[in-house]
Amino acid sequence: MAGVPEMARVNQAERLVSALDRRMKGEHLPRRPQWHCQMCAPETPWPCHPARVRLAEAYARDRIGLSMYVAGLLFIVAVELPDVAPAELYERFVAWTR
Ligand SMILES: [Zn+2]
């Protein structure tokens, strides 16, 4: 049953992605699996600047909560963007929350 914990992680990560719609008020959502912003110029990497502002606002002073949330997204992002180096994904998705 080695695959079960991994499926649980995938399901959990999918729930995190689903929560984006409400957090972002339906704007500047990522287009998957490319992870480009749906509103900004074509091929703008997500999270774009407005997306970062909205996420930061949604978490207010809870910077740790914000970091944990975007780190949770990395599990899906890493699967969908296999050609991007993990360090680059970390910089793009997580490092800005520090
Ligand atoms: Zn955007």
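The following questions and answers concern a predicted model of a 98-residue protein.

User: How are residues numbered, and which pLDDT limits apply in this predicted model?
Analyst: Residues are numbered from 1 along each chain as its sequence is written. In this predicted model, totals for chains, interfaces and linings use all residues, while local features need pLDDT of at least 70 and side-chain atom pairs count only at pLDDT 80 or more.

User: Which element has the lowest mean pLDDT?
Analyst: pLDDT is the predictor's confidence in each residue, from 0 to 100. The protein averages 91, and 97% of the residues score at least 70. Among the elements, strand E2 (residues 36-37) has the highest mean, 98, and the lowest, 82, belongs to H1.

User: What pattern do the helices and strands follow along the sequence?
Analyst: Helices (H or I, at least four residues) and strands (E, at least two) are DSSP runs, numbered from the N terminus. The protein has four helices and two strands. Read along the sequence, their pattern is α-β-β-α-α-α.

User: What is the radius of gyration of the protein?
Analyst: The radius is taken over C-alpha atoms, and the globule rule is 2.2 Å times the number of residues to the power 0.38. The C-alpha atoms fill a box of roughly 40 × 30 × 25 Å along the principal axes. For 98 residues a compact globule would have a radius near 13 Å, and the protein agrees, with 13 Å.

User: Which helix gives the most residues to the largest nonpolar core?
Analyst: A nonpolar core is a set of buried Ala, Val, Leu, Ile, Met, Phe, Trp, Tyr and Cys residues joined through C-beta atoms within 7 Å. A residue is buried if 20 or more other C-beta atoms lie within 10 Å of its own, exposed if 12 or fewer, and partly exposed in between, with C-beta atoms placed from the backbone. The largest core has seven residues: Leu66, Val70, Leu73, Ile76, Val77, Leu81 and Phe93. Five of these come from helix H3 (residues 63-80).

User: How far apart are the end C-alpha atoms of H3?
Analyst: The expected span of a helix is 1.5 Å times one less than its number of residues. For the 18 residues of H3 this gives 26 Å, and the end C-alpha atoms agree, at 26 Å.

User: Where is the kink in H3 centred?
Analyst: The bend at a residue is the angle between axes fitted to the seven residues ending there and the seven starting there. In H3 there is a kink of about 30 degrees, and its centre is Leu74.

User: Which residues does Leu81 contact, leaving aside neighbours within four places in sequence?
Analyst: Two residues are in contact if their C-beta atoms, placed from the backbone, lie within 7 Å. Leu81 belongs to the largest nonpolar core. With neighbours within four places left aside, its contacts are Trp35 and Leu89.

User: What separates the C-alpha atoms of Arg31 and Trp46?
Analyst: Arg31 is in strand E1 (residues 30-31) and, leaving aside neighbours within four places, contacts His36 and Gln38. Arg31 counts as partly exposed because it has 14 C-beta neighbours inside 10 Å. Arg31 and Trp46 are 15 residues apart along the chain, and their C-alpha atoms are separated by 8.3 Å.

User: Which residue does a cis peptide bond join to Arg32, and which one follows Trp46 through a cis bond?
Analyst: Most residues other than glycine have a negative phi, and most peptide bonds are trans. The bond from Arg32 is cis, with omega about 5 degrees, and leads to Pro33, a residue in the loop between E1 and E2. The bond from Trp46 is also cis, with omega near 0 degrees, and its second residue lies in the loop between E2 and helix H2 (49-59). The residues are Pro33 and Pro47.

User: Is Glu43 buried or exposed?
Analyst: Glu43 lies in the loop between E2 and H2, and its phi is positive, near 70 degrees. With 9 C-beta neighbours inside 10 Å, Glu43 counts as exposed.

User: What is the phi of Ala60?
Analyst: Ala60 is in the loop between H2 and H3 and counts as exposed because it has 9 C-beta neighbours inside 10 Å. Its phi is a positive value in a residue other than glycine, near 45 degrees.
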